[in-house]
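This report describes a two-chain model. The sequence and the coordinates come first, and the description follows.

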Amino acid sequence: MKNVITIFNREFRSYFSSPIAYVVIGLFLVLTGVFFYLLMSSFLQYSANLQWQAARMRQPAPPVNVNHMIIRPLFSNISVITLFVVPMITMRSFSDDKKTGTLELLLTSPVTTAQIVAGKFLAAFSLYVIMALLTWVYPLVIVFFGDPDVMPVAISYIGILGMGAASVGIGVWISSMTENQIISAMGTFVVLLFLWLVGWFANFSSGAIGGFFQYLSIVEHFDDFAKGIFDTGHLMYYLSLCGITLFLAHQSIESLRWRS
Amino acid sequence: MIEIRNLTKRYGSFLAVDDITFEVEKGKILGFLGPNGAGKTTTMRIVTGFMPPTKGTAVVSGFDVVDNPLDVKRRIGYMPETPPLYVDMTVEEYLNFAARLKQIPAKEVKGAMELACEKVDLNNVLSKVIKALSKGYKQRVGLAQAIIHDPEVLILDEPTIGLDPIQIREVRELIRSLAGEHTIILSTHILPEVDMICDEVVIIQNGKIIAKDTPDGLSKSMKGAERLTVVVEGPTEEVSSVASATEGVNSILESTAENGHCSLVLECDFKFHVRKSLSNVFSKKGWSLLEMKVKESTLEDVFIHMMSSSEEEEV
């Protein structure tokens, strides 16, 4: 455990000693902020319309659901934006060590490969968690001016974190296979994009294959979380994806010793 | 301290290390000599536990590198050819990380860092970012990283490569001073380095050991045939024929004529008094002997001699 913490500390600090953490978090907040603003504006327009119509009919305005109109689409958007940002977080993970030769230091020190993978994953995932949780201001604004159901917000965050664990795992795995950061980022992006688009393929195929595609889709699993439904099956999907990719990362680093 | 038995490493069909066996005693410095691509780095990487051998064993302080890799790694300090540095960190941060990575207890980290910095003279750059350091300092940081946990065994892959002459001298002195407490394997292709700092030499080529001795022993083994440079005032052809007829002269390696002088490089048998008989012969002929000197064979000669003879064998 001490070894994992040692590796974690160095990795985590390196995000903040380079511009990566600030750029990634900044970019993410700007993007999610834009979506939040657009959702808010269209919601206001819609409710103003309703009120105007109601006033014309001399009737009370019907209630509108903020959860349905803002929170749910907001979290769906956040989940998609993370797919674009995660490759930037994980692209250095192992690639940089491979390129500069510091992997040799790690692999000749008295630590196991599993500890190295765990330390690196936790560092990248922690940055992801900080980034994702910084979006709490958006729901807060809604709580301040409206009366949303809070439970779905909490459940959405569980979904965001689960999805993050899976996508950071994929990123760490891809970066363990190349010493080139661009290939690492591009590869991760393509895999994540595939896991997103595969949900659409599911709509055009039927039967077992369609169901399989549906199950594979990383975003499809998030839908229920965004709706405020907590289903351990979806969480299991994310956690097993994370576990499998970290296992593959471990194997790919171990295989370096045999091949190089 | 370090025992290597029948070590073999194969990359696909390429045989990088071919059945090598050697030992290093405690406190000794072993020089690992060979041209680039001879298998030096591969052997060292196997000893450090970075990669497993295809066949054979490497045992460090009683621990097998394949069966007990963590025990071996705890006892080894390794500096690869390019120092493994996180260039975004300061020297202090980096050494702190290295100390913890090598499982120095938290309380002793500070002391270990101070001691290592003292030994490699890093105290005035502690707060600098590694990126900004000169090559010599980077090399020292790499060395500090290798000795920070006071390992029993130090493995240094070309520690003086890329340094300026003064830095090279400093690093060599440093390595010399580390022997005794530490057992050291050092790879290099610089011959005087081996002469200066190593207790034993292993010469390796194409993955095979072609010589194993002390530096002195290697030079002596060449002295069976000594080289002689003679400059004589006389006709070149005649001088050459007289010289080659003298007992003990094996061959004439070079002969040049200049201003009525003729200078020859002779390979002579060590057993005969060649110099005496040559000067007698020349004076009988009435040629003045202007110069005669014995060319000491250096490790360089040994090295080249061995490389070329082992290549001939292969052909």
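## A hairpin in chain B

In this predicted model, β4(B) and β5(B) form a hairpin with two residues between them, and B:Ser61 in the turn has a positive phi of about 40°. Strands here are DSSP runs (E, at least two residues), as are helices (H or I, at least four residues), and both are numbered from the N terminus. Strand β4 covers residues 55-60 of chain B, and strand β5 covers residues 63-64 of chain B. The two run antiparallel and are joined by two bridges; strands count as paired if DSSP finds at least two bridges between them. B:Val59 stands opposite B:Asp64 in β5(B).

β4(B) also pairs with strand β1 (residues 2-11) of chain B, again antiparallel, through five bridges. In that pairing B:Glu3 stands opposite B:Val59.

## Numbering and confidence

Residues are numbered from 1 along each chain as its sequence is written, while chains are lettered from A and ligands numbered from 1 in the order in which they are written. Because the model is predicted, local features need pLDDT of at least 70 and side-chain atom pairs count only at pLDDT 80 or more, whereas totals for chains, interfaces and linings use all residues.

The model scores ipTM 0.86 and pTM 0.84. Chain B averages a pLDDT (the predictor's confidence in each residue, from 0 to 100) of 84, and 92% of its residues score at least 70. Among the elements of chain B, helix α3 (residues 91-101) has the highest mean pLDDT, 94, and helix α11 (residues 299-314) the lowest, 66. Where pLDDT is low, the predicted coordinates should not be read in detail.

## The two chains

Chain A has twelve helices and zero strands. Chain B has eleven helices and 14 strands. The radius of gyration of chain B is 25 Å, well over the 20 Å that the globule rule gives for 315 residues, so chain B is more spread out than a compact globule. The radius is taken over C-alpha atoms, and the rule is 2.2 Å times the number of residues to the power 0.38.

In the table, a residue is buried if 20 or more other C-beta atoms lie within 10 Å of its own, exposed if 12 or fewer, and partly exposed in between, with C-beta atoms placed from the backbone. Residues are in contact if their C-beta atoms, placed in that way, lie within 7 Å.

| Chain | Residues buried | C-alpha extent along principal axes | Contacts (separation of 6 or more) from residues 24 or more positions apart |
|---|---|---|---|
| Chain A | 39% of 260 residues | about 80 × 45 × 30 Å | 80% |
| Chain B | 39% of 315 residues | roughly 80 × 45 × 30 Å | 69% |

The domain assignment, automatic or from a database, gives chain B domain 1 (2-219) and domain 2 (224-296). Their centres, taken over C-alpha atoms, are 46 Å apart.

## The interface

20 residues of chain B are in contact with 17 residues of chain A. On the chain B side, α2 (69-74) and α3 are the elements that give two or more residues. That side divides into eleven nonpolar, four polar and five charged residues. Nonpolar covers Ala, Val, Leu, Ile, Met, Phe, Trp, Tyr, Cys and Pro; charged covers Asp, Glu, Lys and Arg; the others, Gly among them, are polar.

## B:Lys285

B:Lys285 lies in helix α10 (residues 274-285) of chain B. With 13 other C-beta atoms within 10 Å, B:Lys285 is partly exposed. Leaving out residues up to four places away in sequence, B:Lys285 touches B:Gly234 and B:Val242. The C-alpha atoms of B:Lys285 and B:Ile210, 75 residues apart along the chain, are separated by 45 Å.

Methods
Two residues are in contact if their C-beta atoms, placed from the backbone, lie within 7 Å.
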